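Me: I'd like to learn how to read pockets, ring contacts and salt bridges in a model like this one. Can you take me through them?

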Amino acid sequence: MKTTIFSHDTRLSTPSVATLGFFDGVHLGHRHLISQVLTLSGQQGMESMVVTFRNHPREALHSDYQPQLLTTYDEKMVLLSKTGIDHCVVIDFNEQWAAMAARDFMADILSERLGVKTLVMGYDHHFGRGGQDSPDDFRRYGEETGIEVIRATPLEMDGCNVSSSLVRRELKMGCVSRAASFLGYPFTIMGVVVRGYGEGRRIGFPTANIRLTDTRQMVPASGVYAVRVRLANDVHFFNGMMNIGTRPTYDGHETTLEVHLFNYLGNLYGETLLVSFVERIRDEQRFSSPEELADQLHSDADKVAEVLKL
């Protein structure tokens, strides 16, 4: 996949079939959309293109907006590169882009600067100032700017149209296995191991405390999870269980991310870990003592071993 970071002098001459969006998660719905782009580009003998944004558009408009990202920018680009798309154009979204009307964007950017001849729009996607344009408006703008506008079909699974908001909704409920079925891969967070409070080690369950590398990453609902973990730049996975919560047994207040790796004895401080969620085991609970917590963790470990087929 060729990547172009859009700038004032960007001008592409190769005709293309394109789609436009933020593509957070590059889930199965996105890949279904991109497959329609690939089919049309093959039929029309043109290049396939994705136009996306480095940052979430709402961040440019609201400085206090905190997106809950399914993937970081780098992860998104890796996932897009695996779809078979020929070319990805990345726009750094700002207030100037937000102020541009949809017709102007199609005429000045897509048609004139990027060479788009066919635009495949997601079934529920809108763009341009105000976001009020209808599918008929976009088709009319296309006729006026020399772009054929095609509305893509959605991907339906379990009675739902697959979308980033659907995946986030499942993660907020802790339904990580269902979220994975819509993503097409296990939901994964990335973080650096930092020093914690040491309570886990004292009760026989040492944990790696994780600080997210990007605070905009989404975190699933509080609870205990079966997970698979690997160190950055390493292909080998370790099995483990993760707790997300405020450590109520110890009267904690801040949410922490703690992962216990089975049969791992090394020092992980400062390492970057990727934690992939497999299944939620239970809700977060408060226990009357560290000893009662330890007993529960042994039971949790048995359930995790069953889930991970250890």
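Reply: Sure, and keep in mind that this is a predicted model. Let's begin with the largest pocket: 40 residues line it, and Gly 21, Phe 22, Asp 124, His 125 and His 126 are the ones nearest its centre.

Me: Which elements give two or more residues to that lining?

Reply: Those are α1 (28-44), α2 (57-61), α4 (95-98) and α7 (164-172). The most comes from α1, with 4 residues.

Me: How is a pocket found in the first place, and how much space lies in this one?

Reply: The general idea is that rolling a probe the size of a water molecule over the atoms shows where empty space is left. Here, the largest pocket holds about 1,100 Å³ of space.

Me: How do the lining residues divide into nonpolar, polar and charged?

Reply: The lining has 18 nonpolar, 17 polar and 5 charged residues.

Me: On to rings. How do I read an aromatic pair?

Reply: Check the distance between ring centres, then the angle between the planes; an angle over 60 degrees counts as edge-to-face. The structure holds 9 aromatic pairs. Take Phe 6 and Trp 97: their centres are 5.5 Å apart and their planes are at 75 degrees, which makes the pair edge-to-face.

Me: Where do Phe 6 and Trp 97 lie?

Reply: Phe 6 is in the loop between β1 (2-5) and β2 (16-20), while Trp 97 belongs to helix α4, so their contact ties together parts that are 91 residues apart in sequence. Both Phe 6 and Trp 97 are buried. They also belong to one aromatic cluster, along with Phe 105, Phe 127, Phe 138 and Tyr 141.

Me: What about a charge sitting over a ring? Which residues should I look at?

Reply: Try Arg 54, whose charged end sits over the ring of Tyr 73 at 4.8 Å from its centre. Then find Phe 22 again, one of the residues nearest the pocket centre. Lys 76 lies over the face of Phe 22, 4.1 Å from the ring centre.

Me: And salt bridges: how many are there?

Reply: For these you look for a side-chain nitrogen of Lys or Arg within 4 Å of a carboxyl oxygen of Asp or Glu. The count comes to 13. One of them joins Arg 11 and Glu 112, with the closest N and O atoms 3.4 Å apart. Arg 11 lies in the loop between β1 and β2 and Glu 112 in the loop between α5 (102-111) and β5 (116-121), so this bridge ties together parts 101 residues apart in sequence. Arg 11 and Glu 112 are both exposed.

Me: Are Arg 168 and Asp 24, which also meet in a salt bridge, buried or exposed?

Reply: Buried: Arg 168 has 18% relative accessibility, and Asp 24 has 3%. Their N to O distance is 2.7 Å.

Me: Which residue forms a salt bridge with Arg 54?

Reply: That's Asp 92, with the closest N and O atoms 2.6 Å apart. Asp 92 lies in the loop between β4 (87-91) and α4, and Arg 54 in the loop between β3 (47-53) and α2, so the bridge ties together parts 38 residues apart in sequence. Asp 92 is partly exposed at 34% relative accessible area, and Arg 54 is partly exposed at 32%.

Me: Which residues do shared salt-bridge partners join into one network?

Reply: Look at Arg 103, Asp 137, Arg 140 and Glu 144, which are joined in that way.

Methods:
Residues are numbered from 1 along each chain as its sequence is written. This is a predicted model: local features need pLDDT of at least 70, side-chain atom pairs count only at pLDDT 80 or more; totals for chains, interfaces and linings use all residues. Side-chain values use heavy atoms; hydrogens and water are left out. On a 1 Å grid over the protein atoms alone, a cavity is a set of points where a 1.4 Å probe fits but cannot get out, and a pocket is an open set with protein on both sides within 12 Å along at least five of seven lines; lining residues have an atom within 4 Å of a point. Grid points are joined across faces, edges and corners, and a volume is the space filled by probe spheres set on the points. Ala, Val, Leu, Ile, Met, Phe, Trp, Tyr, Cys and Pro count as nonpolar, Asp, Glu, Lys and Arg as charged, and the others, Gly among them, as polar. Rings of Phe, Tyr and Trp (its six-membered ring) pair if their centres lie within 6.5 Å; planes under 30 degrees apart count as stacked, over 60 as edge-to-face and the rest as tilted. Buried means under 20% relative accessible area, exposed over 50%, partly exposed in between (1.4 Å probe, protein chains only). A charge sits over a ring if NZ of Lys or CZ of Arg is within 6 Å of the ring centre and within 35 degrees of the ring normal.
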